[in-house]
Amino acid sequence: MRGFLATSFLALALASALSACKRAEPPPAPAAAPAATAPATQAADDNLNAVLWMQRSEEYRALAEQTYRAAADRLDEALRQPNWDALVPEERDNAVKGLKPAVVMDVDETVLDNSPYQARLIHDGKEYDELSWDQWVAEKKARPVPGVVDFARAADARGVTILYISNRAVHLKEATLANLRQAGLPVADDSVFLGLGTVLPGCEQNGSEKDCRRRLAGQKYRVLMQFGDQLGDFVQVVSNTPQGRGELLQQYHDWFGERWWMLPNPSYGGWEPALFGNDWAQPREQRRQAKRAALELAR
């Protein structure tokens, strides 16, 4: 009996050992989810952090507000000096003496915040196009950039006319002026909006450059200050290359913080196409590669 038990125990142990060495069969795979309910994947967007920073960071608000407060502190000085002028000599065709004072302001990302439009493009995986832009402008939902309303009202109270030189096309004039008024900004009359397509006889406009419209403003006004978020909002950019833009900034370096006031805008601008030869016809990934190649890793 003892031998029988020993033999039985040995057989059981051997069976257990063999079972332990055998590779387990994988559990059956779960049924695949229907294609209609599979989560959609969205490509990374270069503009995500930039737009989020403009919408959610207190740093952006601080920069905008300090720019407008600093400019307000210089208004009285600019008014006191009869020869003070914020137009470059090449864009001034007449003497400033006796002209009414004005401030020239760009609209988008200088006066009105269009980050919701940029956010929609990111959300939908799209890029800027004129149709969606016109639809956004027609909504008249852009809010004022932090600090601009207080500055504009302070200028208006001193008898300074606010001129809006914008690359919004002239057919967007009515919607733009309505949005400006709704945002609390002074609008003297319809003539203060000089949109893309405004013509100055004898002055040939190059693309969306604003030099002709600044000349037009200078015929009636002594321009105390200019505000913008791009170099082209202040002076004509003849060569939109990194080198050309750098030379232009160096040439007018001393004008900033005195007669010219730059607002932060990392979401778009002339700086971007300057990095890929101003060729927007290139595929998006090719433009991205050019921007990656422009990164400075060390000096």
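## Ala217 and its surroundings

Ala217 belongs to helix H8, which spans residues 211–220, in what is a predicted model. Its relative accessibility is 3%, and because buried residues are those under 20%, Ala217 counts as buried.

Once the neighbours within four places in sequence are set aside, Ala217 is in contact with Leu163, Ile165 and Leu194. In the case of Leu163, which stands 54 residues away from Ala217 along the chain, the two C-alpha atoms are separated by 7.9 Å.

## The disulfide

The structure holds one disulfide, in which Cys203 is joined to Cys212 with an S to S distance of 2.1 Å. The torsion about the S-S bond of this pair is about -85 degrees, and the disulfide is therefore left-handed.

The two cysteines fall into separate accessibility classes: Cys203, at 21% relative accessibility, counts as partly exposed, whereas Cys212, with a relative accessible area of 2%, is buried.

## The second largest pocket

The second largest pocket encloses about 320 Å³ of space and is lined by 14 residues, of which Met54, Gln55, Arg61, Asp113 and Arg143 lie nearest its centre. Sorted by class, this lining comprises six charged, five nonpolar and three polar residues.

Several elements contribute to the lining of this pocket, with at least two residues each coming from helix H2 (48–56), helix H3 (58–80), helix H4 (115–124) and strand S3 (143–144).

Note on methods: Residues are numbered from 1 along each chain as its sequence is written. This is a predicted model: local features need pLDDT of at least 70, side-chain atom pairs count only at pLDDT 80 or more; totals for chains, interfaces and linings use all residues. Side-chain values use heavy atoms; hydrogens and water are left out. Helices (H or I, at least four residues) and strands (E, at least two) are DSSP runs, numbered from the N terminus. Buried means under 20% relative accessible area, exposed over 50%, partly exposed in between (1.4 Å probe, protein chains only). Contact means heavy atoms within 4.5 Å. On a 1 Å grid over the protein atoms alone, a cavity is a set of points where a 1.4 Å probe fits but cannot get out, and a pocket is an open set with protein on both sides within 12 Å along at least five of seven lines; lining residues have an atom within 4 Å of a point. Grid points are joined across faces, edges and corners, and a volume is the space filled by probe spheres set on the points. Ala, Val, Leu, Ile, Met, Phe, Trp, Tyr, Cys and Pro count as nonpolar, Asp, Glu, Lys and Arg as charged, and the others, Gly among them, as polar. A disulfide is a pair of cysteine sulfur atoms within 2.5 Å.
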